[in-house]
Amino acid sequence: MKIAIIGGGPSGSVCATLLAQRGHEVAVFDEGGRPEHIAGESLVPGVIPLFRRMGIEDQVAAIGIRKPGVTFFPALGKEFAFSFSSLPRKFPDYAYNVPRPAFDRILEASSAHAGALVIPQRANLIAEGDKLHLSQETLASAGIWNGRQPDFLIDASGRRRLAARLLNIKADVGPRRDVSHFAHYEGFDPERPSGQVRINRLADGWSWRIPLQGKMSFGVVMDQKAAAALGKTPEERLEAAMRNDPLLSSETRGAKRISQAETYANYQLVSTKGVGENWASVGDAFGFVDPMLSPGMLLALQSAELLDEQLSTKPLEDALQVYSTKMKESLNAWRDLIDYFYDGRIFELHDRGCEFQTKLPFLPLGFIETFMSANMSGMASGFTTAEPWSRGVLKYAERFVLGNTPFLSRYAIA
Ligand SMILES: Cc1cc2nc3c(=O)[nH]c(=O)nc-3n(C[C@H](O)[C@H](O)[C@H](O)COP(=O)(O)OP(=O)(O)OC[C@H]3O[C@@H](n4cnc5c(N)ncnc54)[C@H](O)[C@@H]3O)c2cc1C
């Protein structure tokens, strides 16, 4: 097939690599001009098998830092750390933190190496019913396929959602109206263990600290009004957020910003339809839930892998149907899991699980915590996020330990 991919970010590049490896004629349009710093620097272990399959893990390791797990600080004095080492041995027990532009370049080079043609230009689409075509100008300036339309189109345009916008496909928008700012710093207190990502609950949102080679990515995700009250510029807001939080202020005394701050708003949206007669969306163009557990890149890469697999094993209509259903399941599972962190249920479960353990002395010490941490690591690493067993364990524990009556947790994020 002749396949045009719009967008050469992670989802577009991986799609291009896998489809080109199968012998399809693939052209990737990417308009370039991306900022020097892009969010999406913390990966989860679920991406590692694909890196190995693509033969790029060594390159990713060379630009990144090994990430052993994540520590949450939901309140002063309360720490909830999980380590991917509690994963079953069949799964890789680590991930990487990576600087985005360099990471994206590895993926783009991989697609070119596989035989995809990377065209550095903006692509415009036109709609005809549920079908999409490249505009005549786009085809002509690209100089490909003798001006003939591709057999299939993949929208990998990220949160721009090119196909969905053109076809007036609605988005299922998440409940929060947050803004996110982030920048790179030197001089933060070192994390323990090395490479560990740290998430702090703040007065009106949360912050991330992602260790990168020689620097730290620090970002906040906050209610838009609360962020505006912290300062006029993104840089002022980041520094105020650091100062105002007791734990952060004590651990960032030597912090010095070394990049300008970037801003993101209006994320948390999932298209109600991600496939059509001759097209499919991948990555953020299909849907993005929330950055707290860093699922974005995994979903972007998994969507590419899933689409490639379905297109090569089934007739088109069936392939798109299965692809769309699985993507929606996956996005919903991540959304459910992330809710546990936003409304504080996960930390309540941890507290009460530890209390409960003391009432059951016949169980080996730490049994409940170990069991629940392993389940949580499996889900947060992306290996078992959508698995009924893992989701059932969490639901059952919630009902058993927290009961059925809704309550406001002291750990809930405003
Ligand atoms: C605040 C925040 C924090 C995040 N943190 C993390 C994290 O820690 N870990 C994680 O895994 N994910 C994180 N994410 C999510 C992650 O950034 C995205 O999920 C990921 O970038 C999606 O990749 P993609 O390829 O789908 O889209 P993108 O990376 O957005 O790539 C889209 C590409 O398409 C190109 N394009 C668009 N339109 C056209 C056109 N018409 N013609 C040609 N080219 C076009 C763009 O220039 C771009 O290169 C975060 C997101 C946010 C908002």
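User: How far does a polar side-chain atom of Ser294 lie from an oxygen atom of the ligand?

Analyst: Heads-up: this is a predicted model, where local features need pLDDT of at least 70, side-chain atom pairs count only at pLDDT 80 or more, and totals for chains, interfaces and linings use all residues. Residues are numbered from 1 along each chain as its sequence is written, while side-chain values use heavy atoms and leave out hydrogens and water. A polar contact is a pair of N or O atoms within 3.5 Å (within protein, one must be able to donate a hydrogen and the other to accept it, and residues adjacent in sequence count only if both atoms are side-chain atoms). For Ser294 and the ligand's oxygen, the distance is 3.4 Å.

User: How much of the ligand's accessible area does the protein cover?

Analyst: Accessible areas come from the Shrake-Rupley method with a 1.4 Å probe, and for residues only the protein chains shown count as cover. On its own, the ligand has 1000 Å² of accessible area, and the protein's share of cover is 94%.

User: Which element gives the most residues to the shell around the ligand?

Analyst: Helices (H or I, at least four residues) and strands (E, at least two) are DSSP runs, numbered from the N terminus. Two elements give two or more residues to the shell: helix H1 (10-21) and helix H10 (296-313). The top giver, with 3 residues, is H10.

User: How many residues surround the ligand?

Analyst: A residue counts as near a molecule or strand if one of its heavy atoms lies within 4 Å of it. The closest ones here are Asp30, Arg34, Ser42, Asp284 and Met297, and the full number around the ligand is 34.

User: Which atom of Ala123 lies 2.9 Å from a nitrogen atom of the ligand?

Analyst: Arg34 uses a polar side-chain atom, 2.8 Å from an oxygen atom of the ligand. Ala123 instead uses a backbone N or O atom.

User: Is Ser294 buried or exposed?

Analyst: Ser294 lies in the loop between strand E21 (287-288) and H10. It has a positive phi of about 55° although it isn't a glycine. Buried means under 20% relative accessible area, exposed over 50%, and partly exposed in between (1.4 Å probe, protein chains only). Since its relative accessible area is 17%, Ser294 is buried.

User: And Asn146, is that one buried or exposed?

Analyst: Asn146 has a phi near 50°, a positive value in a residue other than glycine. Its place is the loop between helix H5 (136-142) and strand E10 (152-155). Because its relative accessibility is 72%, Asn146 counts as exposed.

User: What is the angle between the ring planes of Tyr185 and Phe188?

Analyst: Rings of Phe, Tyr and Trp (its six-membered ring) pair if their centres lie within 6.5 Å; planes under 30 degrees apart count as stacked, over 60 as edge-to-face and the rest as tilted. A search of the whole structure finds 20 aromatic pairs. Tyr185 and Phe188 form a tilted one, 5.5 Å centre to centre, with an angle between the planes of 55°.

User: Which residue does a cis peptide bond join to Arg192?

Analyst: Look in the loop between strand E12 (178-186) and strand E13 (197-202), where Pro193 sits. The cis bond has an omega of about -10°, and the partner of Arg192 is Pro193.
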